[in-house]
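User: I am new to this structure and would like to learn how to read it. Could you take me through a few features in turn?

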Amino acid sequence: MSDLAVVTGGARGIGAAVAERLAADGLAPLLVDLDPAVEQTAAELGGGASAVVADITQPAGRDAVRAAVGDAPLRALVNNAGITRDARIGKMDEDAFRAVIRVNLGGAYELTRALQDAFADGGAIVNMSSRAYLANIGQFNYSASKGGLVGLTRALALELAPRVRVNALAPGLTASEMTKAMPEKVLDKLVASIPAGRMAEPAEIAETVATLVSPATWYITGQVVVACGGRSLVP
Amino acid sequence: MSGLRLRVPAGLRDIEEALRGGGAPAGGLVFAADDAEPADFGALEDELAECFRLSQEAAAAGGPVVFVLSQPDLLGQRGALGAMRAGAMLSALRSLALEGARDGLRANAVAIGVDAEPQRVATWVRMLLTEPGVSGELVRVDAAHLGKALA
């Protein structure tokens, strides 16, 4: 029985790249997503990959993920599922605030609790925060959700030590369907502000996740890795 | 006290009294996180939504805004739900500061340790409400954070 790696938001983008990268390390990815396309993503990965179509903000969705894990040793949980509902605070409505908090933060918290008893000794959790946890215009809600994940990371690192390590990864602008949908001028301006000179590729973010999951980084827990190409330093 | 909105839970009323006693600032928002850990995620979401609503009102009025947080929660020392609340509020506060900077809106936070004196906390809250030129900052009123992770 292969060790499992549960990856939420696994249908595409960073989540799919993380699943592929962890599979290369010998883990069996269990991809979770609200989008049924996650089944196709898992099928294309092949090997021991599997998928669950589930809404992790709902108890039934979390139960489905827990049932899919079964008795397999859980080596990794990557809380990657997330949404945006951007607006300046004056134009943001409470539904948009609550939706982002519920999915990005509540989904991670509740699913982690649901899977807590399934972790193998030496397991690892990676919470996908964002550079926006340091602040971003038009993202009072998203920034709050990602800062909340940093808090969750610290608390769980203390609570679950020494059996399970917990870290957060805070990517900057990453090539995705969301960035593809942005106006070219806006995207160009954002990219110009990144010292690395380009967006991150999902595979690069996945590589950092694999590093944090690896037993080679066993002594790292409760930390935030900011992978933003230097963007958090520029004026 | 006409323009100052004080959202202070029962466990932190000493701070509210100290703030009123020292001559409260004319306007703005002081939002202190509940002293106790939220009962569940639903309670946390409700508290964060209240923080959002009051911050939105304060931003519309031009601020300033001060959040009062728990220093142990910022380090995750009291449990997951409290840590999520503190982390979420600090990040939201920083985004509010960034978004409002052009319009002169200031937003800052005070983190209080277990032994922080109410009068001292009130002094820093008052200063952050009234003194210009500082925004997006976290002032920690105790020494328990020294040598620990940066928030």
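User: How many residues does each chain bring to the contact between chain A and chain B?

Analyst: Two residues are in contact if their C-beta atoms, placed from the backbone, lie within 7 Å. Here chain B contributes 30 residues and chain A contributes 35 residues. The model is predicted: local features need pLDDT of at least 70, side-chain atom pairs count only at pLDDT 80 or more, and totals for chains, interfaces and linings use all residues. Residues are numbered from 1 along each chain as its sequence is written, while chains are lettered from A and ligands numbered from 1 in the order in which they are written.

User: Which helices of chain B each supply at least two residues of the side that touches chain A?

Analyst: Helices (H or I, at least four residues) and strands (E, at least two) are DSSP runs, numbered from the N terminus. On the side of chain B that touches chain A, α2 (41-60) and α4 (80-100) of chain B each supply at least two residues. The largest share, 15 residues, comes from α4(B).

User: How do the residues of that side of chain B divide into nonpolar, polar and charged?

Analyst: Ala, Val, Leu, Ile, Met, Phe, Trp, Tyr, Cys and Pro count as nonpolar, Asp, Glu, Lys and Arg as charged, and the others, Gly among them, as polar. On the side of chain B that touches chain A, 17 are nonpolar, nine polar and four charged.

User: Which residues of helix α2 (residues 37-45) of chain A are buried?

Analyst: A residue is buried if 20 or more other C-beta atoms lie within 10 Å of its own, exposed if 12 or fewer, and partly exposed in between; the C-beta atoms are placed from the backbone. In this helix A:Val38, A:Thr41, A:Ala42 and A:Leu45 are buried. Seen down the axis of α2(A), these buried residues fall within an arc of 95° (the arc of the directions from the helix axis to the C-beta atoms), so they line one face of the helix. On the other side of α2(A), A:Ala43 and A:Glu44 are exposed.

User: What do the buried residues of α2(A) pack against?

Analyst: They pack against α1 (13-24), β2 (28-33) and β3 (50-53) of chain A. After α2(A) comes A:Gly46, with a positive phi near 70°.

User: Where is A:Gly9 found, and is A:Gly9 buried or exposed?

Analyst: A:Gly9 is in the loop between β1 (4-8) and α1 of chain A. A:Gly9 is buried, because 27 other C-beta atoms lie within 10 Å. Not counting residues up to four places away in sequence, A:Gly9 touches A:Gly15, A:Asp33, A:Asn80, A:Ala81 and A:Gly82.
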